[in-house]
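Let us walk through a protein model together, beginning with its strands and ending with its aromatic rings. Keep the picture open as you read.

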Amino acid sequence: KNYAQIISEYQTDLGAETVYIALFNVNLVLTSDLSILPKLLTERKTFPKRDTLRASMGFLGGVRGFGNYGLLVDPGSDVWATKRRIMDPAFTRSFLRTTMDGMNKVVSRLIEVLQAKSECGQVFDISESLDRAAFEAISLCGFNWTDDMIENHGEAALKLAQVMVEVMALAFKDPMSFKIPWARLAEKQEFKDAVLPMRDLNWEHLMKIKDEAVNKDNLLSSIIRANGCSDDLSMKDLIDDYNVFLVAGMETTSITMACAVWFLSMNPDVYETALAEVDDVFGDRTQIEFEDVQKLIYIEMIIKESLRLKGPAFGTARQCKHHRASINGVSFPKGTQFFIPFHNIH
């Protein structure tokens, strides 16, 4: 178990919403108190994300993963805020509506492959299949990367992304061991062997489509515009955000789908209700329209309940940037570390 899991269990055993721990020169606050979370999570200049994200995902063993200003690792600088504002339109309904053709293509391909395996009695790993589907959906709909990754087991980009996720997850759970130069050498080398060719692949693809992508209304064009907002950003930072969506987006999406499938298999009554809703919305149609998604109310509830019970991320962290910052009348010294465990909140 990592320290966050141990402290989280300690918090549960105590029945406390907030636990304050003084450990040597570190003040650690673990909280699921809903009255303080809005301020803790929204005041990015007072309570930015912890720098440990940069250590475990930005640069690992001296090798660049998601960089300094990647959307996932930036603690909350003005550059990060500007990039977010520029990229927000890429997450609106109008943009999502344009992705439906790509989504239908990926879904149809996934069903075709899984049905063929099922009919011949082949045992397969559903999580691996969902990894491939999520990766292809993001690649196709966001970056116009048209390779078939659902069935092509030799696809380099997918394998590299999976290795990056595995090592980064270890570094996030056990950051201290990755800081020791002589420790975790095998994992550090594994990460290096994955991330360098992954960045090269993304760079090569980006150079092919960059000029025509700028003027299009898609995720890639939003990333390109966002990374032009500051002189501090370079093409390396553009590749960082490219990696964030491909790598982190693939894993969180596939884990959510896999957990939902598992819960459905364990709850046949819920499965039957979900199937009835799908039949009611689609009938004999095989293509999904954007308006159909809005009608899948029960399916949406299943996904959200899966996220509540088994979310892909176990928590988030913040740090106190200013001296004696106050929340609800309680002052915290500068450098106080906050950890918010999602499972305890839910």
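Helices (H or I, at least four residues) and strands (E, at least two) are DSSP runs, numbered from the N terminus, and two strands pair if DSSP finds at least two bridges between them. This is a predicted model, where local features need pLDDT of at least 70 and side-chain atom pairs count only at pLDDT 80 or more, while totals for chains, interfaces and linings use all residues. Residues are numbered from 1 along each chain as its sequence is written, and side-chain values use heavy atoms, with hydrogens and water left out.

Start with strand 1 and strand 2 (residues 26–31), which run antiparallel and are joined by six bridges. One of the residues to find is T18, whose bridge partner in strand 2 is T31. The two strands form a hairpin with two residues between them, and F24 in the turn has a positive phi of about 55 degrees.

Stay at this hairpin for a moment. L23, which lies in strand 1, joins F24 and V26 in a nonpolar patch on the surface, with about 360 Å² of accessible area together. Such areas come from the Shrake-Rupley method with a 1.4 Å probe, and for residues only the protein chains shown count as cover. Patches are made of residues with over 30% relative accessible area and no salt bridge (a side-chain nitrogen of Lys or Arg within 4 Å of a carboxyl oxygen of Asp or Glu); like charges are joined within 9 Å, nonpolar side chains (Val, Leu, Ile, Met, Phe, Trp, Tyr) within 5 Å.

Now widen the view. The hairpin strands belong to an open sheet of four strands in the order 1-2-8-5, with mixed pairing. Its edge strands, each pairing on one side only, are strand 1 (18–23) and strand 5 (315–319). Five bridges join strand 5 to strand 8 (residues 337–341), and these two run antiparallel. Here R318 stands opposite F338 in strand 8.

F338 leads us to the rings. Rings of Phe, Tyr and Trp (its six-membered ring) pair if their centres lie within 6.5 Å; planes under 30 degrees apart count as stacked, over 60 as edge-to-face and the rest as tilted. The count comes to four aromatic pairs. One of them is F47 with F338, edge-to-face at 5.6 Å centre to centre and 90 degrees between the planes. This pair links distant parts of the chain, 291 residues apart. Are F47 and F338 buried or exposed? Both are buried, meaning under 20% relative accessible area (exposed is over 50%, partly exposed in between, with a 1.4 Å probe and protein chains only). Ring pairs also link F47, F332 and F338 into a cluster.
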